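Work through the exercises below with the structure open. Try each task before reading its solution.

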Amino acid sequence: MNKRYHIVTYGCQMNVHDSERIAGMLSRLGYVSCDRIDDADIVVFNTCCIRENAENHAYGNIGMLKKLKAAKRDMIIAVGGCMPQQIGKADVLCKKFPYVDIIFGTHNLNRLEEYIKAKLGGKKRVVEIYGSEGEVTEGDIPLRTSYPNAWINITYGCNNFCSYCIVPYVRGRERSRRSENILAEARSLVAEGYRELTLLGQNVNSFVSPGDGMRFPELLEKLAGIDGKFRLRFMTSHPKDFSEELARAMASSGKICHCLHLPVQSGSDRILKAMNRKYTSGDYLKKIEILKKYLPDCAVTTDLIVGFPGETDEDFKATLELVKNVGFSSAFTFVYSPRKGTVAAEMPDKVPEEVCKERIIELVDLVNSQTRDVSAKYVGRTCEILCEAYDEKRGLYLGRDEYGRMGYFASDKNVIGEFVDISVKEANGISLMGELL
Ligand code: 5AD
Ligand code: SF4
């Protein structure tokens, strides 16, 4: 019988795709995936450290494996990704979890296969973290798990050093992949039947292909030129780098979805400056105007942080104002979490927890009401959904339209991976209920 693996993934899409690369390595070693941790011969935790609660989740779940490992001594436990990549964290993990067998960082993820072989060969423990990012590696074959969507990395790392953010420290400096490799990957994914390609990078707008110097708008147009029916999405864009050229490129092909994730973080110019975001709320609004000039129907989503050090009631009100002004299709809202080693972690005037709580509740209320308003406008309309999955509990298929709205519908036959039209009958907050046409 095949040996089995279970991967626990925390954090962003970048990590989700890294886990697909890990799954690729494990399947090459002869392992097959299993749903229950208890059945696994190897468990891999692919961790995140963007906020403290992401780390706490991982700590809790790794801690829970102590008993299982005592009962199943041959089971291999590996902990990798962003959390161990932080300076000094691998030592903390070693001490806290003596039963963990393999610890690796973000820059040596592609070596996990070797580490597992070493462990199987009798090595007691493998702990290896690379201090810097090295060259972009090509050629690893991920085991994709999100059909009909396929994730494609176009850049790695980040150079922006927003003062609150740990990403540049754990993902290294920004590196772009070569355009010809990205295009070749995209062509073969479309030929294999993937219906949605999502380009990934911390800041896709600053993509510059080594060699030919191709920039993001051109890459997008070239990708949209690939034959076949599919959708193109990308994330994340930094407002300071969002250009008219990109808006024009987005409007150049029906394959490029009319939706843009453009994290604003705050509506207060004082806080934006302290965050080192390099734009003002006015600049942000101008970018939205440019976007809407080319794509009037474009859905805009964002990320917002409350409780950044020194944030006053007035600063917070500016965030609410900006949200009202833009009218986001949906938004991710976060309470600021100090990250050791970042500039903001050393800033004075921490905002009390109680105040953060009040602010996040008010912000979530506003964002939710905007989300509901956008969904309500769909009722009575027809929209094209790319079916992604079947929800066993609800007995319904689900998928998203090009703007990213989730739609549920009943169908007698399996339509996963197909574009279908639904007539929207009802809107429930962020999602839609429809009838298959
Ligand atoms: N605290 C809270 N939110 C954060 N983010 C990044 N770092 C922090 C932090 N220290 C949020 C930002 C970013 C998203 C991915 O996570 O909003 O856009
Ligand atoms: Fe973090 Fe800023 Fe880079 Fe985004 S752009 S990953 S928030 S440092």
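Helices and strands here are DSSP runs, numbered from the N terminus; a helix is H or I with at least four residues, a strand is E with at least two. The model is predicted.

**Exercise 1. Place glycine 201**

Task: Find where glycine 201 is located, decide whether glycine 201 is buried or exposed, and list what glycine 201 touches.

Solution:
- Step 1. Glycine 201 sits in the loop between β10 (196-200) and α9 (216-224).
- Step 2. The cut-off for buried is under 20% relative accessible area. Glycine 201 has 5% relative accessibility, so it counts as buried.
- Step 3. Leave out residues up to four places away in sequence; glycine 201 then touches Met14, Thr155, Met235 and Thr236.
- Step 4. Take glutamate 114 as a distance check: it is 87 residues from glycine 201 in sequence, and the C-alpha atoms are 27 Å apart in space.

**Exercise 2. Find the cis peptide bonds**

Task: Locate the cis bond before proline 148 and the one before threonine 236.

Solution:
- Step 1. Tyrosine 147 and proline 148 are joined by a cis peptide bond, with omega about 10 degrees.
- Step 2. Proline 148 belongs to the loop between β6 and β7.
- Step 3. Methionine 235 and threonine 236 are also joined in cis, with omega about 5 degrees.
- Step 4. Threonine 236 is in the loop between β11 (231-235) and α10 (244-251). Both Met235 and Thr236 are among the residues that glycine 201 touches.

**Exercise 3. Explain positive phi**

Task: Give phi for lysine 278 and for aspartate 349, then place both residues.

Solution:
- Step 1. Lysine 278 is not a glycine, yet its phi is positive, about 70 degrees.
- Step 2. Lysine 278 lies in the loop between α11 (269-274) and α12. Its relative accessibility is 53%, so lysine 278 counts as exposed.
- Step 3. Aspartate 349 is also a residue other than glycine with a positive phi, near 60 degrees.
- Step 4. The loop between β14 (330-335) and α14 holds aspartate 349. At 56% relative accessibility, aspartate 349 counts as exposed.

**Exercise 4. Trace the salt bridges**

Task: How many salt bridges does the structure hold? Work out which parts of the chain are tied together by arginine 28 with glutamate 113, glutamate 185 with arginine 144, and arginine 359 with glutamate 311.

Solution:
- Step 1. Start from the principle: side chains of opposite charge can pair when their charged atoms come close.
- Step 2. The structure holds 28 salt bridges.
- Step 3. Arginine 28 and glutamate 113 meet at 3.7 Å, N to O. Arginine 28 is in helix α1 (residues 13-28) and glutamate 113 in helix α6 (residues 112-120), so the bridge ties parts 85 residues apart in sequence. Arginine 28 is partly exposed, at 41% relative accessible area.
- Step 4. Glutamate 185 and arginine 144 meet at 2.7 Å, N to O. Glutamate 185 is in helix α8 (residues 179-192) and arginine 144 in the loop between β6 (126-128) and β7 (149-153), so parts 41 residues apart in sequence are tied together. Glutamate 185 is buried, at 17% relative accessible area. Arginine 144 also counts as buried, at 17% relative accessibility.
- Step 5. Arginine 359 bridges to glutamate 311, with the closest N and O atoms 2.9 Å apart. Arginine 359 is in helix α14 (residues 353-376), and glutamate 311 in the loop between β13 (299-306) and α13; they are 48 residues apart. Both arginine 359 and glutamate 311 are buried.
- Step 6. A network of salt bridges links Asp18, Arg21, Asp140 and Arg171.

**Exercise 5. Analyse a helix pair**

Task: How do the axes of α12 and α13 cross, and which residues make the contact?

Solution:
- Step 1. The axes of α12 (residues 281-294) and α13 (residues 313-326) come within 11 Å and cross at roughly 10 degrees.
- Step 2. Angles under 35 degrees count as roughly parallel. The helices α12 and α13 are therefore roughly parallel to each other.
- Step 3. From α12, the contact uses Ser281, Tyr284, Leu285 and Ile288; from α13, Leu322, Asn325 and Val326.
- Step 4. By class, this contact has five nonpolar, two polar and no charged residues.

**Exercise 6. Describe a ligand shell**

Task: Which residues are around ligand 2, and how do they divide by class?

Solution:
- Step 1. The residues around ligand 2 include Cys158, Cys162 and Cys165. Asn160, Phe161, Tyr164, Val167, Pro168, Gln202, His238 and Arg277 complete the list.
- Step 2. The shell has seven nonpolar, three polar and one charged residues.

Terms used:
Residues numbered from 1 in each chain as written. Chains lettered and ligands numbered in written order. Predicted model: local features only at pLDDT ≥ 70, side-chain atom pairs only at ≥ 80, totals over all residues. Heavy atoms only, no water. Axes fitted to C-alpha atoms, helices over the stretch in contact; angles between N-to-C directions. Parallel < 35°, antiparallel > 145°, perpendicular 65-115°, else oblique. Contact = heavy atoms within 4.5 Å. Nonpolar A, V, L, I, M, F, W, Y, C, P; charged D, E, K, R; others polar. Salt bridge = Lys/Arg side-chain N within 4 Å of Asp/Glu carboxyl O. Buried < 20%, exposed > 50% of the residue type's maximum accessible area, 1.4 Å probe, protein only. Near = heavy atom within 4 Å.
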